[in-house]
Amino acid sequence: MEDILVVENVTKRFGGLVANNKVSFSMRRGEILGLIGPNGAGKTTLFNVITGVYRPDEGRVIFKGEDITGKPPHVITRKGIAKTHQIVKPFNDMTVLENAMVGALFGKRARQITIGEAKEIAYQSLELVGLAEKSEEFAVKLTLRQKKMLELARALSAEPELLLLDEVLAGLNPKEIEEALEIIKKVKEERDLSIIMIEHVMHAVMNIADRIVVLHFGWKIAEGTPEEVANNPEVITAYLGDPRYALRFVKRKGGEEDGSS
Amino acid sequence: MAGKESTLSHYLRSPTLLIIVFVILGMLVARIMGMSTLDTLMTIMYFMGIALSLNIIMGFAGYVSFGHAVFLGLGGYAYVLLVYFIKPLADLQSLGFGLGAFLVAVLAGLFAAAIAASVGAAVLRLRGAFFAIATIGLDFTALYLMKAIVPELNPEQFFGAQIILPADKIVEKDVVFNAMFLTLIILLAVNYYIRKSPFGVGLTAIKEDEDAAEVLGVPTTMFKIIAFTLAGFFTGMVGALFSLNGGGVDETLFNLGHSIDMIVMIVIGGLGTVLGPIVGSLIYFELYDLLLVHYPGVNLIILGIIVAIVVLFFPEGLIGLLRKYKVKGVRLRDLLE
């Protein structure tokens, strides 16, 4: 199967800080790729490089065979990449439906659809994430879970082929996480999407992802299936520090193994 | 969701459009019946015109152009200099019951728009207070340029930056009225169109969260420059016809007071709507007049206090306030745009 996205040797520096250091990976169409790593590993920076918010200092981003490195975000969105924000950014003074309409009007089919058509696309996205009955509410009134789902609906309204989810599960309780995961699976099937998700909720990402890429201090330290990555000593070190110390810590705590933080 | 209905009946059911038509007809009737003096109507149209012009960048996109009087001044000077030095344009003014003056005002507006477009790319990178300060800087730069350049153009006739048009280069006031009236109708139409179009949705998204808008596909830089250029163009046209009406131009057209007038009218009426600047300018005009008649001397102090109260307690303005309510189950939000 063709690669929908290829990230080649991407380096992004902020002054002396190297947020991404020669990161390379590729993903196939239809895949769910988990992007994990401790805080400050450079995950969100990598998303921002892919969506054009930052221009990388080195390296290339190739989407569907086309080099999109350094193109402005709105151009990349129209090519078919949509992103949700880690810190939700709803348009507070607009209704939920109007929020999603922005996605439709300026997404894949920008300038080809009318306001009326955008409304319908937006409404379908809201139905898909379970926000349809809130469509006339103001976005500012939504709960955090609903705002996260609005981010998702807004991104879906752009009709992307590649969806980047930046911690959509963070801040949700276990039941809400289950619901959100179901929605993501459903959305992926119905819209035939490829998805990259940054996630700290380990059991969730280990369950849903086909493959996982691990970043640490800007470097890619591992890549593989969830099992491979979970047993990779470098990954364990990155998350827990010295493995021997980690082992002792686990023993003392009586074997609590929940990786989520 | 989308039932078939004719566009005409759709528009007839839009109270916003009805109010706009009512305002236009009202002015026409007042003019024909002689209910108001020409000067009063001109002043109302001037206020409404500058409020609707600034509304395009400030109301829709949320960028407070604090030095917007710069375009008033540029339009005014462009117009007066054009008819002063180019005879065919001076003759054109009186043709077609105001259509000629309107066309020369379009030229003046294009000059203001060209300046707006060329500085827009730079100043629109700034946000909030920094953008406001940059536009004030622009205003002062243009003012001092005019003060330096204008006296050189015709040293025998021009004293300082003031230009008084000779009698053969001005037109009857009712001709100016027609040109201003036409400009205002176009401004109302442009505001309404923007409000209803994807462009307007994009501008509103920029106002709410510019970074999110860009990532969602809104070409933010281009949209901001277009909005700023349109705002400059129409302010320039109004400044041009305002100057023609006064028979000349001087540097007071660049006064920050004009900028504040525009901003206050939009804030009183409500940001981000078409009706806001219309209602705001009418209220502001009445208030201004009333206070001047009844409390001369302290009128501006009282006006200032009223504005402060509005900003503190009703920052969404009159239309914004009304839009929060429902009447008989119908949300006013859907009716007042």
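**Exercise 1. Which residue in strand 5 of chain A does Phe63(A) stand opposite?** Work it out, then place the strands in their sheet.

*Solution.* Keep in mind that this is a predicted model.

Step 1. Start with the pair itself: Phe63(A) faces Glu66(A), which sits in strand 5 of chain A. There's another bridge to find here, and it links Ile62(A) with Asp67(A) of strand 5. Strand 4 and strand 5 (residues 66–67) of chain A thus share two bridges and run antiparallel.

Step 2. Now look at the turn. Strands 4 and 5 of chain A make a hairpin with two residues between them, and Lys64(A) in that turn has a positive phi of about 50°.

Step 3. Go to strand 1 of chain A. Strand 1 (residues 3–14) pairs with strand 4 (residues 58–63) in the antiparallel sense, over five bridges. On this pairing, Phe63(A) of strand 4 has Leu5(A) opposite.

Step 4. Put the sheet together. Four strands of chain A form an open, antiparallel sheet in the order 2-1-4-5. Strand 2 (17–28) and strand 5 each have a single partner strand, so they stand at the edges, with one side of each left without a neighbour in the sheet.

**Exercise 2. Decide whether Asn207(A) is buried or exposed.**

*Solution.* Step 1. Locate the residue: Asn207(A) belongs to helix 7 (residues 202–208) of chain A.

Step 2. Count its surroundings. There are 12 other C-beta atoms within 10 Å of Asn207(A). The cut-off for exposed is 12 or fewer, so Asn207(A) is exposed.

Step 3. For a distance check, take Met197(A): it's 10 residues from Asn207(A) in sequence and 12 Å away in space, C-alpha to C-alpha.

**Exercise 3. Describe how two helix pairs of chain B pack.**

*Solution.* Step 1. For packed helices, you want the angle between the axes and the distance between them.

Step 2. Take helix 3 (residues 38–60) and helix 13 (residues 275–294) of chain B. Their angle is about 140° and their axes are 9 Å apart. Roughly antiparallel would need an angle over 145 degrees, so helix 3 and helix 13 of chain B count as oblique. The crossing of these two helices is right-handed.

Step 3. Check who touches whom. Helix 3 of chain B brings residues including Phe47(B), Met48(B) and Leu52(B), while helix 13 of chain B offers, among them, Ile278(B), Tyr284(B) and Phe285(B). By class, this contact has nine nonpolar, six polar and no charged residues.

Step 4. Do likewise for helix 9 (residues 198–208) and helix 11 (residues 220–246) of chain B. They pack at about 105°, with axes 10 Å apart, which makes helix 9 roughly perpendicular to helix 11. Phe199(B), Gly202(B), Leu203(B) and Ile206(B) of helix 9 meet Thr220(B), Phe223(B), Lys224(B) and Ala227(B) of helix 11. That contact splits into five nonpolar, two polar and one charged residues.

**Exercise 4. How many residues does each chain give to the contact?**

*Solution.* Step 1. Chain A supplies 26 residues and chain B supplies 18 residues.

Step 2. On the chain A side, the elements giving two or more residues are helix 2 (73–79), helix 3 (96–105) and helix 4 (115–128).

Step 3. Sort that side by class, and you get 11 nonpolar, eight polar and seven charged residues.

Notes. Residues are numbered from 1 along each chain as its sequence is written. Chains are lettered from A and ligands numbered from 1 in the order in which they are written. This is a predicted model: local features need pLDDT of at least 70, side-chain atom pairs count only at pLDDT 80 or more; totals for chains, interfaces and linings use all residues. Two residues are in contact if their C-beta atoms, placed from the backbone, lie within 7 Å. Ala, Val, Leu, Ile, Met, Phe, Trp, Tyr, Cys and Pro count as nonpolar, Asp, Glu, Lys and Arg as charged, and the others, Gly among them, as polar. Two strands pair if DSSP finds at least two bridges between them. A residue is buried if 20 or more other C-beta atoms lie within 10 Å of its own, exposed if 12 or fewer, and partly exposed in between; C-beta atoms are placed from the backbone. Axes are lines fitted to C-alpha atoms, for helices over the stretch in contact, and angles run from 0 to 180 degrees between N-to-C directions. Angles under 35 degrees count as roughly parallel, over 145 as roughly antiparallel, 65 to 115 as roughly perpendicular and the rest as oblique. A crossing is left-handed if the near helix is turned anticlockwise from the far one by less than a right angle, and right-handed if clockwise.
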